[in-house]
Amino acid sequence: MKKTFILDTNVILSSGTGGGSRVLNGFLEGKDANDIVIPGTVLQELDHHKTDPGETGFNARDFIRVLDGLRESSAKGSKKSDLVRGVKLKRGHIFVEPDGVKAENLPVGFDLKVPDNRIISTCIELALQNPKKHYVFVSNDVSCRINADVCFRNANVNVGIEAYKNDRLPSEGEKPYLGYEIWDDADPDLISRLYDDDKADGEGVATALADHLYEEEFVVLKNGSQSALAIRKDGKLRLIPDKGLENVFGIRKLLNVQQKMAMYALLAPPEEIPLVCLTGAAGSGKTFLPVAAGLDQTYASYGSGRYDKFIISRSNSLNRQEQLGFLPGDIDEKMEPLILPVKDSIESLLRSKNNGEAADTAEIEEQVEDIFQSVIDVLPMLYIRGRNLTRRFYLIDEAQNLNEQQAYDVLSRCGKGSKIVMAGDIGQIDNPLLDKYSSGLSIVWNKMRGKGVAMVAFDERDVVRSDLVKYAIERMKR
């Protein structure tokens, strides 16, 4: 059935990689030649957002350029196209609807000064004028969708309501990917062969059991008292020994198998594993471990380390990032509140290096400052474009707050000899435009599986911060 999609502003502003062109193409896919309507209020809001920094401004400008290109297009001679009457695309048409903003379309109390209400009124007016058309209002704003439903029912019009799905992952049907599998009752002969292969410095053990695994996916093999931790490499299973995974910048012992998987990936050469994704609940070590691994490969052997610099980005929400300019001070001072959790991790690691002895607080603080001055660069997400990160260990903390475009921007900055680590908790998204299906971290997690990419999902049992954190997650989790 042919549909006419009426777009809310937020659909365009959060369009991900591809900008305005991607939004149009997404709605015009399928068997039927669907149409698109852009309310006049949306045009005005795009104009308001076109100077915004970051992805919001880019998407607004890109969509405006697309519309201007369609307006300038002509079928004959120099006659310009009419967006109000509609411009034919490869499939379907695009229209701009400048009218339909009427108080009588809305229930009493819905103020037309509110942009969402103006857009909803336009939807109602279109449905009243063309009752045979199948209109669908598309918005990523949950509150706006609820208000629209109330208003459409009040006006007795049949207008569908949907969220924009082309920048989202499927919500059902696939078993969650953890980055590892656990094989209970594994073949004891296979476990023995893994250890023998490691002693002989072999290239791994071939087994048909590993054919369904992704490259760089981990597997825990168990059989009675026997066990082994392995990773799929070039189609074979390769043992991951404990040696080399401990005493990493103050971490004397890793507490669970997921931490061993993560540390292996973090310490692997960037030519082997250039991207590591860590997800999980608070206190599981998804920030602590990358900080230790990054410092161990930069500061601990500064001048001869694997990486020249340790770069840190941390985002609590898209909106806060875009408002950094309103905070006092230079870039480092503006970013200070966002990197305090990283400083906490560094202080904890430095205290651990004292082997349980009492640490001098002033000395610890002095060493933290020395680390930041010598090897750590703090990079706001706003300034990632244009960078070419060579021989860098790059940690993006709170990565669940990135949108798809920002995640792509991060991955496209990785130069030779660099490793990117994305760490976050999908259950703690602060960006109001994202959810667990549209978060950039979720999209990377689902689309980047395979060779060169290691992933580890910590669960609630992996929380090591304190017993209180375990109790809070168990008893108060959302």
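Q: Which residues are linked with Lys-233 in a network of salt bridges?
A: The model is predicted: local features need pLDDT of at least 70, side-chain atom pairs count only at pLDDT 80 or more, and totals for chains, interfaces and linings use all residues. Residues are numbered from 1 along each chain as its sequence is written, and side-chain values use heavy atoms, with hydrogens and water left out. A salt bridge puts a side-chain nitrogen of Lys or Arg within 4 Å of a carboxyl oxygen of Asp or Glu. In this network, Lys-233 is linked with Glu-216 and Glu-272.

Q: How many salt bridges does a search of the whole structure find?
A: Side chains of opposite charge can pair when their charged atoms come close. One of the pairs is Arg-232 with Glu-215, at 2.8 Å from N to O. The search of the whole structure gives 17.

Q: How many residues apart in sequence are the parts that Lys-2 and Asp-35 tie together?
A: The closest N and O atoms of this salt bridge are 3.3 Å apart. Lys-2 lies in the segment before strand 1 (4-7), and Asp-35 is in strand 2 (residues 35-39); strands are DSSP E runs of at least two residues, helices are H or I runs of at least four, and both are numbered from the N terminus. The pair therefore ties together parts whose separation in sequence is 33 residues.

Q: Is Asp-35 buried or exposed?
A: Buried means under 20% relative accessible area, exposed over 50%, and partly exposed in between (1.4 Å probe, protein chains only). Its partner Lys-2 counts as partly exposed because its relative accessibility is 43%. Asp-35 has a relative accessible area of 4%, so this residue is buried.

Q: Which residue forms a salt bridge with Glu-398?
A: Glu-398 sits in the loop between strand 14 (392-397) and helix 13 (404-411), and its partner is in strand 12 (residues 309-314), 84 residues apart. The closest N and O atoms are 3.0 Å apart. Both residues are buried. The partner is Arg-314.

Q: Which helix gives the most to the largest nonpolar core?
A: A nonpolar core joins buried Ala, Val, Leu, Ile, Met, Phe, Trp, Tyr and Cys residues through side-chain atoms within 4.5 Å. The largest has 50 residues, and Phe-218 and Met-263 are among those with the most contacts inside it. With 7 residues from positions 257-267, the top contributor is helix 8.

Q: Which backbone nitrogen lies 2.8 Å from a polar side-chain atom of Asn-256?
A: Asn-256 is in the loop between strand 10 (236-239) and helix 8. Its relative accessibility is 15%, so Asn-256 counts as buried. The nitrogen belongs to Gln-259.

Notes:
Polar contact = N/O pair within 3.5 Å; in protein donor to acceptor, adjacent residues only side chain to side chain.
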